[in-house]
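These are my notebook entries on a single chain, written while going through its sheet and its helices. I kept them in the order in which I looked things up.

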Amino acid sequence: MWIDIHAHLFDKSDNELTECLENAINANVSCIINAAVSIETAQIVISQCRRGTALYGAVGISPFDVRNLNNFWISELRTLLTDQFIIGVGEIGLDDSNPIYPSLKKQIPVLEQQLDIALNLNLPVIIHSRGAEFKVLDLCKNHGIQKAIFHCFTGSEDALIKIIDSGYYVSYSGILTFKNNTIEHLAKNTPLDRLFIETDSPYLSPHPKRGKTNEPANVVYVGQKIAEIKNISCKKLVNILRNNFSEIFNLHLSN
């Protein structure tokens, strides 16, 4: 049974969520981490996770959402992170690749405060690091973070090496299945015990679903591509991914 380590489901209606989860189960996806990007979406994520089937949650303030935080956001986030269905802080991080994002001057303090919260609560962090892998890596290490996943990884070979050497994990999305992708060598060089896969739903639909809204059921295509690159069976990869999940989240999946 596959694991989608990163999806955004908070925009879905109850009926859409039900269909999405049914599709996932039918595709042998048994676990999905539903990631928030703000206080508001965190509340939705928790409500969705309480429905049970296959869902865990991660809550945090994304780089894009650091604008207009109220004076109580830190205490609000800490409270949300104590919910029984929340297993990580995320997505959080930095983005220095897109001018529509707030400045790094605004992003960095919010990230640092969330890293301190994660350390205090002993929770893994799920990292957005586009264009800023080395900066985020340094901040994680400086704040004493022991467990981190650099999600939807598209960084450099040097960044990958430093992330792995720091004891952290990377996750690959549907980008890996694109015909002209430039990251296949990164996946090939990622140790299996530091690897995850994801959809980043509703974005980045993998081949052969490109052009359609992405959903957790499609993580199977990413898994099949990884298995091909690594020259191992899908069954072996599933077991490795489940072991990695148990290691970083201290949770054992029952099926």
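Before placing anything, I note that I take strands to be DSSP runs of E with at least two residues, numbered from the N terminus. The model is a predicted one, and I read everything below with that in mind.

**Entry 1, the sheet.** I looked up the strand order first and found 8 strands in an open sheet, running β1-β2-β3-β4-β5-β6-β7-β8, with parallel pairing. β1 (2-7) and β8 each have a single partner strand and stand at the edges, so one side of each is left without a neighbour in the sheet. From one strand to the next, I find that the twist averages 25°.

**Entry 2, β3 and β4.** I then checked the pairing of β3 (residues 55-59) with β4 (residues 86-93), which is parallel and rests on 3 bridges. In this pairing I see V59 standing opposite V89 of β4. I also followed helix α8 (residues 219-230), which packs on the sheet and touches β1, β2 (29-35), β7 and β8, while its direction makes about 115° with that of β1.

**Entry 3, I127.** Which strand holds I127? I place I127 in β5, residues 125-128. Is I127 buried or exposed? Its relative accessibility is 0%, and because buried means under 20%, I127 counts as buried. Leaving aside residues up to four places away in sequence, I list its contacts as I92, V136, C140, A148, I149, F150 and H151. I also looked up V170, which lies 43 residues from I127 along the chain, and the C-alpha atoms of the two are separated by 9.2 Å.

**Entry 4, β7 and its neighbours.** In a regular strand the side chains alternate between the two faces of the sheet. I checked this for β7 (residues 169-172), where Y169 and S171 point one way, V170 and Y172 point the other way, and all are buried. The chain reaches β7 from β6 through helix α6 (residues 157-165), and I record this β-α-β crossover as right-handed. β6 (residues 148-150) and β7 run parallel and are joined by 2 bridges, with I149 standing opposite Y169 of β7. Turning to β8 (residues 195-197), I find that β7 pairs with this strand in the parallel sense over 3 bridges, and that F196 of β8 is the bridge partner of S171.

**Entry 5, α4 with α5.** Two packed helices are described by the angle between their axes and the distance between the axes. For α4 and α5 (residues 133-142), I note axes that come within 10 Å and cross at roughly 35°, in a right-handed crossing. On the α4 side the contact is made by I108, L111, E112 and L115, and on the α5 side by K135, V136, L139 and C140. By class I record 6 nonpolar, no polar and 2 charged residues in this contact. Two of the α5 residues named here, V136 and C140, I had already listed among the contacts of I127.

**Entry 6, α3 with α4.** Last, I looked up α3 (residues 73-80) against α4 (residues 104-121), which pack at an angle of about 35° with their axes 11 Å apart. α3 passes α4 in a right-handed crossing. Here W73, I74, L77 and R78 of α3 meet V110, Q113, Q114, I117, N120 and L121 of α4, and by class I record 6 nonpolar, 3 polar and 1 charged residues for this contact.

Key
Residues numbered from 1 in each chain as written. Predicted model: local features only at pLDDT ≥ 70, side-chain atom pairs only at ≥ 80, totals over all residues. Heavy atoms only, no water. Axes fitted to C-alpha atoms, helices over the stretch in contact; angles between N-to-C directions. Left-handed = near helix turned anticlockwise from the far one by under 90°. Contact = heavy atoms within 4.5 Å. Nonpolar A, V, L, I, M, F, W, Y, C, P; charged D, E, K, R; others polar. Buried < 20%, exposed > 50% of the residue type's maximum accessible area, 1.4 Å probe, protein only. Pairing = 2+ DSSP bridges. Right-handed = clockwise from strand over helix to strand, strands pointing away.
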